[in-house]
Amino acid sequence: MPVEAPSFNMTTYNQIFENNRKWVASKTALDVDFFEKLASDQNPEYLYIGCSDSRVPANEIMGLDSGEVFVHRNIANLVCATDLNVMAVINYGVRYLDVKHVIVCGHYNCGGVKAAMQPKDMGILNPWLRNIRDVYRLHKEELNAITNEKQRYDRLVELNVQEQCVNVIKLASVQQEYIKTGYPIVHGWVFDLKTGLLKDLNLDFEKILHDIQEIYDLTDTNWKR
Ligand code: CO
């Protein structure tokens with residue numbers, strides 16, 4: 001006999017569909033054509049790359065509606081050149097949706113960043129968290145100089161966002177679209193779970209682009225094999 005799912009679980013699960021019907025009703029009450037318009041096309045100005053953490057809901061913290069932000073989330077908001085998923089999202093967002101802003105948003109108390117600070121074998125997470133250990137290595141002097149462990153953890157969250165922004169700026173799609181149109185601009189943010197506030201790290205996009213193009217310039221499209 002199949003095992004019956006616990007009833008408390010199903011109540012919570014079914015509630016989602018009830019919530020969904022209420023959400024539809026609230027949207028159509030304000031605009032009868034809301035879903036008609038939503039189905040026709042998407043034209044978001046923002047591409048948001050954030051952490052999968054359930055406490056950081058992208059649209060909600062930015063106060064943006066359906067259709068207003070293209071979203072990618074993974075553990076610790078990483079932008080890896082070998083991750084086909086994030087690469088496809090950025091390429092599509094930048095080249096085809098023509099987003100004006102690319103945001104990498106980290107958050108304090110990030111479990112992924114915390115895990116990368118532990119001297120432990122984490123199985124399948126090892127190659128993923130290696131990217132954060134690499135951020136630590138790049139900024140070892142600054143981080144090791146912070147004696148307070150919580151402050152060091154917070155700073156690594158910020159530096160991880162900064163380095164993932166650099167990874168976005170290394171991409172051909174971002175460099176080429178920026179030359180053509182002046183967009184996208186890349187921004188680094190940190191979300192503070194304790195206050196709900198977003199902090200803009202105010203990274204100097206133009207300077208980072210200029211600095212990294214010394215080595216990562218991918219703007220020449222006439223390269224011949
Ligand atoms: Co996180």
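How many helices and how many strands are there in the protein? There are ten helices and five strands. The model is a predicted one.

## Overall picture

The protein has 225 residues, and 38% of them are buried. Its C-alpha atoms fill a box of roughly 55 × 45 × 40 Å along the principal axes. The exposed area comes to about 14000 Å². Carbon and sulfur atoms supply 54% of that area.

Contacts can be sorted by how far apart the partners sit in the chain. Take the contacts with a separation of 6 or more. Of these, 63% are between residues 24 or more positions apart.

## The cobalt site

Which residues are the protein donors of the cobalt ion? They are Cys51, His107 and Cys110. Each cysteine offers its SG atom, and His107 offers NE2. These donors lie 2.1 to 2.3 Å from the ion.

Along the chain, the donors follow the spacing C-x55-H-x2-C. His107 and Cys110 are both buried. Between these two donors in the numbering comes Asn109, which lies in the loop between strand E3 and helix H5 (111–116). Asn109 has a positive phi of about 65°, although it is not a glycine. Its relative accessibility is 27%, so Asn109 counts as partly exposed.

## Charges and salt bridges

The protein carries 24 positive and 30 negative side chains. The centres of the two sets lie 6 Å apart. Side chains of opposite charge can pair when their charged atoms come close. A search of the whole structure finds eleven salt bridges.

One of them joins Arg55 and Asp53, with N and O 2.7 Å apart. Is each partner buried or partly exposed? Asp53 is buried, at a relative accessible area of 15%. Arg55 is partly exposed, at 44%.

## Pairs along helix H8

Helix H8 covers residues 149–169. An α-helix has 3.6 residues a turn, so residues three or four places apart point the same way. Asp154 and Lys150 both lie in H8, four residues apart, or about one turn. They form a salt bridge, and their closest N and O atoms are 2.8 Å apart. Asp154 has 18% relative accessibility and counts as buried. Lys150 has 36% and counts as partly exposed.

Glu158 and Arg155 make another salt bridge, with an N to O distance of 2.8 Å. These two are three residues apart in H8, so about one helical turn separates them. Glu158 is buried, at 11% relative accessibility. Arg155 is partly exposed, at 24%. The pair also belongs to a network of salt bridges that links Glu142, Arg155, Glu158 and Lys199.

## Helix H9 and what follows it

Helix H9 spans residues 172–181. Which of its residues are buried? They are Ser173, Val174, Gln175, Gln176, Glu177 and Tyr178. What do these buried residues pack against? Their partners are helix H4 (84–95), H8, strand E4 (185–191) and helix H10 (205–216).

The backbone just after H9 has two features to look for. Gly182 takes a positive phi of about 85°. Then a cis peptide bond joins Tyr183 and Pro184, with omega about 5°. Pro184 has its place in the loop between H9 and E4.

## The loop between H4 and E3

Helix H4 is one of the partners of the buried residues of H9. Between H4 and strand E3 (101–107) is a loop, and Asp98 lies in it. Asp98 is not a glycine, yet its phi is positive, near 50°. What is its relative accessibility? The value is 39%, so Asp98 counts as partly exposed.

## Where to look

Start at the cobalt ion, with its donors Cys51, His107 and Cys110. Move on to H8, where Asp154 and Lys150 form their salt bridge. Finish just after H9, at the cis peptide bond between Tyr183 and Pro184.

Methods: Residues are numbered from 1 along each chain as its sequence is written. This is a predicted model: local features need pLDDT of at least 70, side-chain atom pairs count only at pLDDT 80 or more; totals for chains, interfaces and linings use all residues. Side-chain values use heavy atoms; hydrogens and water are left out. Buried means under 20% relative accessible area, exposed over 50%, partly exposed in between (1.4 Å probe, protein chains only). Contact means heavy atoms within 4.5 Å. Accessible areas come from the Shrake-Rupley method with a 1.4 Å probe; for residues, only the protein chains shown count as cover. Lys and Arg count as positive and Asp and Glu as negative; His and the chain ends are not counted. The place of a charge is taken as NZ of Lys, CZ of Arg, CG of Asp or CD of Glu. Donors are N, O and S atoms within 2.8 Å of the metal (3.2 Å for Na, K and Ca); water is not among the atoms, so sites may look incomplete. A salt bridge is a side-chain nitrogen of Lys or Arg within 4 Å of a carboxyl oxygen of Asp or Glu.
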